[in-house]
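Trainee: Please take me slowly through one part of this model, the surroundings of the ligand. I would like a connected account that I can follow with the structure beside me.

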Amino acid sequence: MYDKNNIFAKIIKGEIPCEKIYEDESVLFFNDINPISKIHVLGVPKLSCKDFSDFISKSKPGAISNFFKKTEMIIDKLGIRNTGYKIIANSGSDGGQEVPHFHIHILG
Ligand code: 5GP
């Protein structure tokens, strides 16, 4: 069950501020409030999905590739395409996921 009051749902709705990197009708990328590397950006689909599996099962055709194409665009915008980076998606309690809205971490 998706918790529509989770922090990222509130950030997507604009109820909680964030340092926005990029936003369009389907995705939002913003700086992590507690960065663990020089560049630490979070990327979320705007679809209400609690974790990776939920994102995959609820997404319309094209939405998954769109999300990752936008991720690659952000990686270029951040200037880390050539220097390297990590993409992490914690999922579920054993995966260490704290915020129950599917997201990726881009660490550069
Ligand atoms: P998770 O452990 O769920 O994969 O990662 C959640 C991430 O969200 C953490 O890195 C944490 O620092 C970040 N975070 C939690 N609350 C907020 C917030 O209100 N604003 C922003 N920008 N990041 C947050």
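Mentor: Before we begin, a residue counts as near a molecule if one of its heavy atoms lies within 4 Å of that molecule. Please also keep in mind throughout that what you are looking at is a predicted model.

Start with the ligand itself, which has 16 residues around it, and among these Asp32, Asn90, Glu98, His103 and His105 come nearest. If you ask which elements supply this shell, α1 (7-13) and β2 (27-31) each give at least two residues, and the largest share, three residues, comes from α1. The space that the ligand takes up is the largest pocket.

Now look at individual atoms, beginning with Asp32, where an N or O atom of the side chain is 2.5 Å from an oxygen atom of the ligand. His105 also uses its side chain, placing a polar atom 2.8 Å from an oxygen atom of the ligand, whereas with Gly96 it is a polar backbone atom that is found 3.2 Å from a ligand oxygen. As for the ligand's surface, the protein covers 85% of the 520 Å² of accessible area that the ligand has on its own.

His105 leads us from the ligand into strand β5, which spans residues 104-107 and is covered on both faces, with Ile104 and Ile106 buried on one side and His105 and Leu107 buried on the other. Two other strands pair with β5. Strand β4 (residues 86-88) runs antiparallel to β5 and is joined to it by three bridges, and within this pairing Ile87 stands opposite Ile106. Strand β3 (residues 40-45) is likewise antiparallel to β5, with four bridges between them, and here His40 stands opposite Leu107.

His40 deserves a pause, since its place is in strand β3. Is His40 buried or exposed? Buried is the right word, because its relative accessible area is 5%, and the cut-off for that word is under 20%. The side chain of His40 reaches the backbone nitrogen of Ile36 at 3.1 Å. Measuring with a ruler from C-alpha to C-alpha in the model, you would find His40 and Tyr85 to be 9.8 Å apart, although 45 residues separate them in sequence.

What holds for His40 can be followed along the strand, because six of the six residues of β3 are buried, so β3 is largely enclosed by the rest of the structure. To see how they are arranged, notice that His40, Leu42 and Val44 point one way from β3, while Val41, Gly43 and Pro45 point the other way, and all are buried.

Finally, β3 brings us back towards the ligand, since five bridges join β3 to β2 in an antiparallel pairing, in which Leu28 stands opposite Val44. You met β2 earlier as one of the elements that supply at least two residues of the ligand's shell.

Conventions. Residues numbered from 1 in each chain as written. Predicted model: local features only at pLDDT ≥ 70, side-chain atom pairs only at ≥ 80, totals over all residues. Heavy atoms only, no water. Buried < 20%, exposed > 50% of the residue type's maximum accessible area, 1.4 Å probe, protein only. Pairing = 2+ DSSP bridges. Polar contact = N/O pair within 3.5 Å; in protein donor to acceptor, adjacent residues only side chain to side chain. Areas by Shrake-Rupley, 256 points an atom, 1.4 Å probe, with all protein chains shown as cover. 1 Å grid on protein atoms, 1.4 Å probe; cavity = no way out; pocket = protein on both sides within 12 Å on 5 of 7 lines; lining within 4 Å. Sits in = over half its atoms within 2 Å of the grid points.
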